[in-house]
Structures are given as C-alpha cells and as structure tokens.
There are 4 protein chains.
Amino acid sequence: MQPTTRQEVLKRLSYIEGHLAGIRRMIDEDKYCVDILKQTYAVRRAIEKMEMLLLDGHLHTCVVEGVRDGRDEQVIGELLELYELANR
Amino acid sequence: MQPTTRQEVLKRLSYIEGHLAGIRRMIDEDKYCVDILKQTYAVRRAIEKMEMLLLDGHLHTCVVEGVRDGRDEQVIGELLELYELANR
Amino acid sequence: MQPTTRQEVLKRLSYIEGHLAGIRRMIDEDKYCVDILKQTYAVRRAIEKMEMLLLDGHLHTCVVEGVRDGRDEQVIGELLELYELANR
Amino acid sequence: MQPTTRQEVLKRLSYIEGHLAGIRRMIDEDKYCVDILKQTYAVRRAIEKMEMLLLDGHLHTCVVEGVRDGRDEQVIGELLELYELANR
C-alpha cells in the first residue's frame with residue numbers, strides 16, 4: 001500500500017473505532033434501539049468509504065502491474081471475488 | 001461485449017423478465033405481501049448475478065485493453081464509480 | 001393489499017419492466033458495459049423503492065392486525081426474515 | 001433493551017472491535033489489500049448480525065407496545081426509516 005493511502009486508511013479506521021465506542025456507550029446508557037441502529041448503519045457506511053480507499057489503491061498498484069505482467073486472470077479473478085463478497 | 005457474454009446476459013435478462021411477470025401475477029391475485037417481497041429480493045439477486053457477468057466481460061476486455069494502452073486512470077475511475085454505485 | 005397500494009405498486013412495476021426493456025436494447029445495440037451496469041443498478045434501486053411500498057402496506061395492515069390479535073411472534077418472525085433476506 | 005439482548009449485543013460488539021483491531025494489524029504489517037478487504041466485508045456482516053439482534057429486541061418490545069398503545073404510525077414510520085437507511 002502507498003504510504004499516503006495507508007495513512008488515510010488508518011485515519012478512517014480510527015474514526016470507525018471511535019464511532020463503535022460511541023455505540024457501546026449508547027448501549028450502556030440504554031439509549032433507544034432505533035437511534036443505536038442508525039449509528040450502526042453509519043458505521044457500515046464509514047467502512048464502505050474505507051473500502052473505497054483500499055480498492056482505489058489496489059487498482060492503481062497491484063491490478064495495473066498484474067495486467068502489465070500478463071497476470072490478467074489472477075487480478076481479474078480477485079476483483080470479481082471481491083465484488084461478489086461486497087454484494088455478499 | 002463478447003458474443004458468448006451477450007448471449008448469457010440476454011438469457012439471464014429473459015429470466016428476470018419472467019420473474020417480474022410472476023410478481024405481477026402475485027399482486028393481481030392479491031398474494032401475501034411477505035411472499036411477494038421474497039420474490040422481489042430474488043429478482044434483485046438475479047440482477048446482481050447478471051451484473052457479475054457484465055463486469056467479468058468488462059474486466060477481460062475494456063479494462064485490460066485500457067491498462068495496456070496507458071488509459072489506467074480512465075478505466076480505474078470507471079470501476080470505482082461502479083463500485084460506489086453498486087453499494088449505492 | 002389496499003387498492004391504492006396495489007395501484008402504486010403496479011405503476012412502479014411497469015416502470016421497472018420498461019427500464020429492463022431499455023437495458024435489453026442497450027445490450028442489443030452493444031452499448032458500453034459501464035453504461036449498462038449503471039442502468040442495472042438503477043433498476044435495483046427502483047425495485048427497492050417498490051419494496052418500501054409493499055412493506056409500508058404490510059406494516060399498516062397485517063402487522064398491526066397480527067399484534068392486536070396476539071400473533072406477535074408470527075409477524076415479528078416474518079419481518080426479521082425479510083430484513084435478513086433484504087440484506088441477504 | 002432486555003438484559004439478555006444487551007448482553008448478547010455487547011458480546012458481538014466486542015467481537016467486532018477485536019476484528020477491527022486485527023484489520024489494523026494487517027494494515028500495519030502491509031498485508032495484501034485483497035485480504036484486508038475480505039476482512040472489512042466480514043466486519044460489515046458481523047455488524048449486520050448485531051443489527052438483527054437489536055431489531056429483534058426492538059420489535060418484541062417497543063413495536064408491540066406501540067401498536068397496543070395505538071401509536072402505530074410512530075413505530076411503523078421508524079421501521080420504514082430504518083429499512084430505507086439499511087438499504088441506504
């Protein structure tokens with residue numbers, strides 16, 4: 001991973017961890033379930049944004065290199081697997 | 001699109017159209033909403049499977065050619081846009 | 001299903017069918033895969049909007065009646081199953 | 001929230017926090033992006049499982065009570081809002 005990508009990914013990961021800590025507090029304080037659920041959805045969105053950064057970095061480095069080195073099938077197979085997993 | 005991909009995509013599209021026709025019948029016959037919803041989820045899954053085929057073809061043709069021709073930024077930008085749209 | 005709900009659901013279903021017919025034309029005319037994929041995502045969004053209508057009607061009729069009749073477990077079980085299927 | 005639900009939700013939250021700590025380690029050790037992404041997808045699945053528990057508890061308590069107290073519109077409105085947010 002490029003240093004700038006890693007730095008940005010770690011920053012977002014810290015944000016997600018802080019968000020989860022907030023959810024833990026809401027549960028401890030017996031907040032309304034509907035409000036807790038809205039926060040868990042927000043965490044999932046934040047994880048998806050972090051995934052976009054990881055994917056962006058992956059496409060610009062490993063995928064481009066893989067295609068240039070003739071390893072098309074491998075990098076394409078991985079991308080399709082990720083796409084399927086992301087859509088579950 | 002490769003002829004074999006197009007053929008397979010059109011086959012799945014026909015299946016999806018038939019599935020939707022079945023949902024229309026269920027609504028006309030006033031079937032239980034829960035059962036109708038299960039079918040609309042199945043249609044979304046079928047569309048996602050069709051998308052996998054389209055993406056597979058796209059990666060093997062346009063993306064590989066794009067990278068080889070030095071148009072990395074363009075093809076990667078499109079893939080990231082698709083990924084974001086797919087996750088909405 | 002209430003008549004007004006059914007009417008609205010059928011209207012959206014017709015829209016979805018028309019949208020799919022447009023996608024079929026794009027495939028026949030060999031349009032760019034990326035553009036086709038954007039349309040299939042839009043169809044999935046349209047199906048989700050139709051599901052919201054179905055769910056809205058279901059909650060206002062069957063679920064409310066079920067709870068009032070003491071069939072909580074049944075209607076709640078169905079809702080959780082739908083939620084899980086929707087998230088796949 | 002019922003004590004048994006809260007206990008189970010907190011257990012899953014701890015699991016999710018541990019999973020994210022593992023992802024942080026993978027990033028620090030410069031693991032392959034594809035492998036990191038598979039783990040972030042798994043975290044999102046774990047969050048969805050936790051949401052199912054929260055929703056289950058919410059339906060069995062607040063929603064049933066709301067319907068019995070004649071506050072149908074309020075509890076149904078909240079459920080539809082959650083459904084839309086979950087699908088984003």
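Me: Before I look at chain A, what counts as a helix or a strand here?

Reply: Helices are DSSP runs of H or I with at least four residues, strands are runs of E with at least two, and both are numbered from the N terminus. In chain A the elements run α-α-α from the N terminus on, with three helices and zero strands. Keep in mind that this is a predicted model, where local features need pLDDT of at least 70, side-chain atom pairs count only at pLDDT 80 or more, and totals for chains, interfaces and linings use all residues. As for bookkeeping, residues are numbered from 1 along each chain as its sequence is written, chains are lettered from A and ligands numbered from 1 in the order in which they are written, and side-chain values use heavy atoms, leaving out hydrogens and water.

Me: How do I read the overall shape of chain A?

Reply: Start with the radius of gyration, taken over C-alpha atoms; the globule rule is 2.2 Å times the number of residues to the power 0.38. For 88 residues a compact globule would come out near 12 Å, but chain A has 17 Å. The C-alpha trace of chain A spans about 55 × 30 × 10 Å along its principal axes.

Me: And what share of chain A is buried?

Reply: Buried means under 20% relative accessible area, exposed means over 50%, and partly exposed lies in between, using a 1.4 Å probe and protein chains only. On that scale, 52% of the 88 residues of chain A count as buried.

Me: How do I read the chain pairs? Start with chain A and chain B.

Reply: Two ideas help. Contact means heavy atoms within 4.5 Å, and buried area is the accessible area (1.4 Å probe) that two parts lose on being put together, summed over both. Chain A brings 20 residues to the contact and chain B brings 20 residues. About 2,200 Å² is buried between chain A and chain B, with carbon and sulfur atoms giving 69% of that. On the chain A side, M52(A), L80(A) and Y83(A) lose the most area to chain B, together 28% of what that side buries.

Me: What area is buried between chain C and chain B?

Reply: About 4,200 Å², of which 65% comes from carbon and sulfur atoms. R24(C), I27(C) and R44(C) are the chain C residues that lose the most area to chain B, together 15% of what that side buries. By contact, 40 residues of chain C meet 39 residues of chain B.

Me: Let's zoom in on a residue. Is I27(D) buried or exposed?

Reply: I27(D) has a relative accessible area of 0%, so it counts as buried. I27(D) sits in helix α1 (residues 3-28) of chain D. Setting aside neighbours within four places in sequence, the contacts of I27(D) are M1(A), R6(A), V9(A), L10(A), L13(A) and I36(D). As for distance along the chain, I27(D) and I76(D) are 49 residues apart, and their C-alpha atoms are separated by 42 Å.

Me: Which backbone angle should I check in the loops?

Reply: Try phi. Most residues other than glycine have a negative phi. D30(A) is not a glycine, yet its phi is positive, at about 55°. D30(A) lies in the loop between α1 (3-28) and α2 (33-68) of chain A, and its relative accessibility of 39% is why D30(A) counts as partly exposed.

Me: What does phi look like at D30(C)?

Reply: Phi of D30(C) is near 55°, again a positive value in a residue other than glycine. D30(C) is in the loop between α1 (3-28) and α2 (33-68) of chain C, and at 39% relative accessibility D30(C) counts as partly exposed.
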